[in-house]
Amino acid sequence: MSSADGLPPLRDVVETYDLAAKKSLGQNFLFDLNLTGRIARACGPLEGVTIVEVGPGPGGLTRALLSEGAKQVIAVERDERCLPALAEIESAYPGRLKVVHGDALATDWRALVADVQGPVRICANLPYNVGTALLVGWLESDPWPPWYERMVLMFQREVAERIVATPEQRVDYGRLGVLSGWRTKARILFDVPPSAFSPPPKVTSSIVELTPRAELLPCHGKILSAVTASAFNQRRKMLRQSLKGLAINGKTLDALALLHGAEIVETKRAEEVDVAGFVRLAQIADEMSR
Ligand code: SAM
């Protein structure tokens with residue numbers, strides 16, 4: 001039986017094109033059209049909106065985004081085995097799906113959407129092995145506001161909790177929470193059980209929505225990342241210890257001077273510093289590195 005878009009069921013697509021899931025590419029496919037529809041609708045009304053999708057695979061989420069009304073989907077897929085299946089979707093939605101065969105980690109996102117008119121949003125069931133690196137790249141985008149107006153992304157639940165974490169939830173709070181808290185409002189929308197995927201992963205996944213903040217506390221994303229990584233690298237240690245050896249622009253900074261400049265008590269631990277505190281540290285680190 002074919003689905004509403006006239007395309008064959010996803011299980012048949014996987015069989016026809018021999019798309020046995022590859023672990024090395026983080027392939028856990030979604031076949032449930034109710035679920036892919038729910039994820040697509042989490043991107044908000046899609047009329048006039050272009051969606052950038054990473055890893056369309058056999059195209060379950062891609063099809064949902066198109067049938068929910070996205071003006072266009074630009075999908076970056078690394079596995080060339082998926083291209084014939086995606087070509088079928090292109091034919092079913094003429095002019096609305098552009099597939100780019102390539103590595104999302106090496107993609108120039110601004111160039112990819114340079115000709116797009118209207119809003120762009122990112123929606124993806126991300127490959128677990130590169131999901132965090134992609135998110136960090138999008139969060140560090142410059143200039144700001146970024147090229148996307150919203151992200152709706154699937155992560156392992158444990159990563160999702162780190163993305164939305166605040167200092168009050170010390171266990172999960174770290175570099176990801178600081179970066180996403182600085183640049184976006186992030187929240188978990190809903191969980192997806194392992195049984196929804198083929199093959200099922202070992203852990204529960206979650207859909208996270210990240211909306212870029214219009215007003216930002218000013219600092220350089222890459223410096224904020226470096227300061228936060230250093231501070232949380234030894235999260236149980238006091239900052240005067242964990243920030244020792246921090247180098248910015250090739251210059252090793254004096255941890256005590258950095259903390260004093262940012263007006264942060266040197267005996268504090270990274271998990272006790274809020275986003276504004278890390279931004280102050282990044283600002284002073286920037287000044288000290290010049
Ligand atoms: N979107 C499909 C779905 O929901 O059923 C597949 C999601 S699967 C979790 C991740 C997809 O990302 C796979 O199709 C995989 O081939 C692709 N992928 C893995 N690494 C990639 C990379 N570096 N760049 C682009 N795509 C990648």
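Me: In this predicted model, what radius of gyration does the protein have, against the value for a compact globule?
Reply: The protein has 290 residues. A compact globule with that many residues would have a radius of gyration near 19 Å, and the protein's value agrees with this. The radius of gyration of the protein is 21 Å.

Me: What box do the C-alpha atoms fill?
Reply: The box is taken along the principal axes. Inside it are 12 helices and 11 strands. The C-alpha atoms fill roughly 65 × 40 × 30 Å.

Me: Which pocket does the ligand take up?
Reply: Start with the residues around the ligand. There are 20 of them, and Leu30, Gly55, Glu77, Asp103 and Asn125 come nearest. The space that the ligand takes is the largest pocket.

Me: Which elements give two or more residues to the shell around the ligand?
Reply: Two strands do so. One of them covers residues 29-30, the other residues 72-77. They are strand E1 and strand E3.

Me: How does the shell divide into nonpolar, polar and charged residues?
Reply: Sort the shell residues by type. Five are charged and seven are polar. The nonpolar residues number eight.

Me: Which side chain has an N or O atom 2.6 Å from an oxygen atom of the ligand?
Reply: A polar contact needs N or O atoms within 3.5 Å. Asn125 has a side-chain N or O atom 2.8 Å from a ligand oxygen. The distance of 2.6 Å belongs to the side chain of Glu77.

Me: Which residue puts a backbone N or O atom 2.8 Å from a nitrogen atom of the ligand?
Reply: Here the backbone is the partner, not a side chain. The ligand atom is a nitrogen. The residue is Ala104.

Me: How much of the ligand's accessible area does the protein cover?
Reply: On its own, the ligand has 590 Å² of accessible area. The protein covers 99%.

Me: Where are the cis peptide bonds to Pro143 and Pro145 found?
Reply: One cis bond joins Asp142 and Pro143, with omega about 0 degrees. Another joins Trp144 and Pro145, also with omega about 0 degrees. Pro143 lies in the loop between helix H6 (131-139) and strand E6 (150-156). Pro145 is also in the loop between H6 and E6.

Me: What is the phi of Asp18?
Reply: Asp18 sits in the loop between helix H1 (10-16) and E1. Its phi is positive, and Asp18 is a residue other than glycine. The phi of Asp18 is near 55 degrees.

Technical notes: Residues are numbered from 1 along each chain as its sequence is written. This is a predicted model: local features need pLDDT of at least 70, side-chain atom pairs count only at pLDDT 80 or more; totals for chains, interfaces and linings use all residues. Side-chain values use heavy atoms; hydrogens and water are left out. A residue is near a molecule or strand if one of its heavy atoms lies within 4 Å of it. A polar contact is a pair of N or O atoms within 3.5 Å; within protein, one must be able to donate a hydrogen and the other to accept it, and residues adjacent in sequence count only if both atoms are side-chain atoms. Accessible areas come from the Shrake-Rupley method with a 1.4 Å probe; for residues, only the protein chains shown count as cover. On a 1 Å grid over the protein atoms alone, a cavity is a set of points where a 1.4 Å probe fits but cannot get out, and a pocket is an open set with protein on both sides within 12 Å along at least five of seven lines; lining residues have an atom within 4 Å of a point. A molecule sits in a cavity or pocket if more than half of its atoms lie within 2 Å of its grid points. Helices (H or I, at least four residues) and strands (E, at least two) are DSSP runs, numbered from the N terminus. Ala, Val, Leu, Ile, Met, Phe, Trp, Tyr, Cys and Pro count as nonpolar, Asp, Glu, Lys and Arg as charged, and the others, Gly among them, as polar. The radius of gyration is taken over C-alpha atoms; the globule rule is 2.2 Å times the number of residues to the power 0.38.
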